[in-house]
Amino acid sequence: MNRESAISAVVKDHTAMMNRLYGLEEQYPFLRVHTLGYSVGGRGIPMIRLGEERSGRTVVYVGTHHGTDRITAAVLLCFLEDYCSSLQEKRRLYSINMEYLFRSRLLCIIPMLNPDGVQLHRYGADGFPNSRQLIAMNRGSTDFAHWQANGRGVDLHHNYSAGFAEYKKFEHSCGITGGAASRCGGEYPESEPESGALAAYLRLDPSLRMLFTLHHGGREIFCTSGGICPPHSREKARIFAEMSGCTVAEPVGMASNGTLTDWAIRELQCPAFTVGCGGENASSAQEVYRTYMRMREMLFTAPLTV
């Protein structure tokens, strides 16, 4: 991966991301862009499946739960291009035979779960039919620079069933009683089309072996939920932390309930990791390149640990 590729991977918004994905689909015949579902605002949520469908071992990477997390979409686009070019050119990465990785594992990559949140974060509420309500949720401000939620004020990161009731207690203690720029978990688990589509898809995949949720900032890895830790997850988290320059940490407070990682661990009994990639949500080409290079080894080697 070079800096020029990072420039092409910079994600300004949903449209720019889709254009880049369609470009990669044209370039690489083994890459197909599917649609997981649609956002509140009707934007398609892309899903890329790379590898042997019958491998029996699926690893999932999810980016951009938050509107401010678009750098994670760029990181996953860098990974896609890096993977595809290395496979086509039969290059090894970290001693990995890419043809073997392709044959033996299926990677499911969802770079932008929350396209409406990215649109709001980038451009504000103009063009949204519920713009007045969104501005009210944003405390009356038209500046959406810190908007994390989806297109109706629900924080997708906390819209999953594991620990949802406990999360709602935290939410109310913070004075959140309805849609907001962040931390509103929604009326009920999977109330939102984005999180609902993802959860429904994962429930139906018996080959799921590992899941990663990527966020910007933090430089931490979480692998437990409510004291529950799938076998060998701590060991893997320590390895992934060494690769990525992160620290293994325990989620506390509002971070400890209602997330995709919590749900995957408790409901699916699947090893799951929340990874703070670092990086700034402004997502310049230089920042995308630096952040991706920190995550690169982990993204390529993690599938071979299952």
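**Exercise 1. Cysteines and disulfides**

Task: Determine how many disulfides the rule finds in this predicted model, and examine cysteine 270 and cysteine 277 individually.

Solution. Step 1: The criterion is a pair of cysteine sulfur atoms within 2.5 Å. By this rule, the count of disulfides is zero.

Step 2: Cysteine 270 takes part in no disulfide, and the nearest cysteine sulfur, belonging to cysteine 108, is 12 Å away. Cysteine 270 counts as buried, because its relative accessibility is 3%.

Step 3: For cysteine 277, the closest cysteine sulfur is that of cysteine 246, at 6.9 Å, which is too far for a bond. Cysteine 277 has a relative accessibility of 0% and therefore counts as buried.

**Exercise 2. Helix 3 against helix 11**

Task: Describe how helix 3 (residues 70–88) and helix 11 (residues 285–301) are placed with respect to one another, and state which residues make the contact.

Solution. Step 1: Two packed helices are described by the angle between their axes and the distance between the axes. Here the axes come within 9 Å and cross at roughly 60°. Helix 3 is therefore oblique to helix 11.

Step 2: The crossing of helix 3 past helix 11 is right-handed.

Step 3: On the side of helix 3, the contact is formed by Ile71, Ala74, Val75, Cys78, Phe79, Asp82 and Tyr83. Helix 11 contributes Glu287, Val288, Thr291, Tyr292, Met295, Arg296, Leu299 and Phe300.

Step 4: Sorted by class, this contact of helix 3 with helix 11 holds 11 nonpolar residues, one polar residue and three charged residues. As background, an α-helix has 3.6 residues a turn, so residues three or four places apart point the same way.

**Exercise 3. Helix 2 against helix 3**

Task: State at what angle helix 2 and helix 3 pack, and which residues meet.

Solution. Step 1: The packing angle of helix 2 and helix 3 is about 5°, and their axes are 11 Å apart. Helix 2 is therefore roughly parallel to helix 3.

Step 2: Met17, Arg20, Leu21, Leu24 and Gln27 of helix 2 meet Ala73, Leu77, Leu80, Glu81 and Gln88 of helix 3.

Step 3: The contact of helix 2 with helix 3 comprises six nonpolar, two polar and two charged residues.

**Exercise 4. Helix 9, helix 11 and the loop that follows helix 9**

Task: Describe the packing of helix 9 (residues 233–244) on helix 11, then locate glycine 245.

Solution. Step 1: The axes of helix 9 and helix 11 come within 7 Å and cross at roughly 145°.

Step 2: Phe240, Met243 and Ser244 from helix 9 meet Arg294, Met295, Glu297, Met298 and Thr301 from helix 11. By class, four nonpolar, two polar and two charged residues make up the contact of helix 9 with helix 11.

Step 3: Glycine 245 sits in the loop between helix 9 and strand 9 (247–248). Its relative accessible area is 41%, so glycine 245 is partly exposed. From C-alpha to C-alpha, glycine 245 and alanine 136 are 39 Å apart, with their positions 109 residues apart in sequence.

**Exercise 5. Helix 5 and leucine 113**

Task: Establish whether helix 5 (residues 115–123) is mostly covered or uncovered, and describe the surroundings of leucine 113.

Solution. Step 1: Seven of the nine residues of helix 5 are buried, and the helix is mostly covered. The buried residues are Pro115, Asp116, Gly117, Val118, Gln119, Leu120 and His121.

Step 2: These buried residues pack against helix 2 (14–27), strand 2 (44–51), helix 3, helix 6 (131–137) and helix 8 (193–203). After helix 5 comes glycine 124, with a positive phi near 85°.

Step 3: Leucine 113 lies in the loop between strand 6 (106–110) and helix 5. Leucine 113 counts as buried because its relative accessibility is 0%.

Step 4: Leaving aside residues up to four places away in sequence, the residues that leucine 113 touches include Leu36, Ile45, Val62, Leu156 and Leu198. Leucine 113 and valine 62 are 51 residues apart along the chain, yet their C-alpha atoms are separated by 7.1 Å.

**Exercise 6. Positive phi outside glycine**

Task: Describe the phi values and the locations of lysine 90 and histidine 232.

Solution. Step 1: Lysine 90 has a positive phi, near 55°, without being a glycine. Lysine 90 belongs to the loop between helix 3 and strand 4 (92–93), and counts as exposed because its relative accessibility is 62%.

Step 2: Histidine 232, likewise not a glycine, has a positive phi of about 70°. The loop between strand 8 (220–222) and helix 9 holds histidine 232. With a relative accessible area of 51%, histidine 232 is exposed.

Note on methods:
Residues numbered from 1 in each chain as written. Predicted model: local features only at pLDDT ≥ 70, side-chain atom pairs only at ≥ 80, totals over all residues. Heavy atoms only, no water. Axes fitted to C-alpha atoms, helices over the stretch in contact; angles between N-to-C directions. Helix = DSSP H or I, 4+ residues; strand = E, 2+ residues; numbered from the N terminus. Parallel < 35°, antiparallel > 145°, perpendicular 65-115°, else oblique. Left-handed = near helix turned anticlockwise from the far one by under 90°. Contact = heavy atoms within 4.5 Å. Nonpolar A, V, L, I, M, F, W, Y, C, P; charged D, E, K, R; others polar. Buried < 20%, exposed > 50% of the residue type's maximum accessible area, 1.4 Å probe, protein only.
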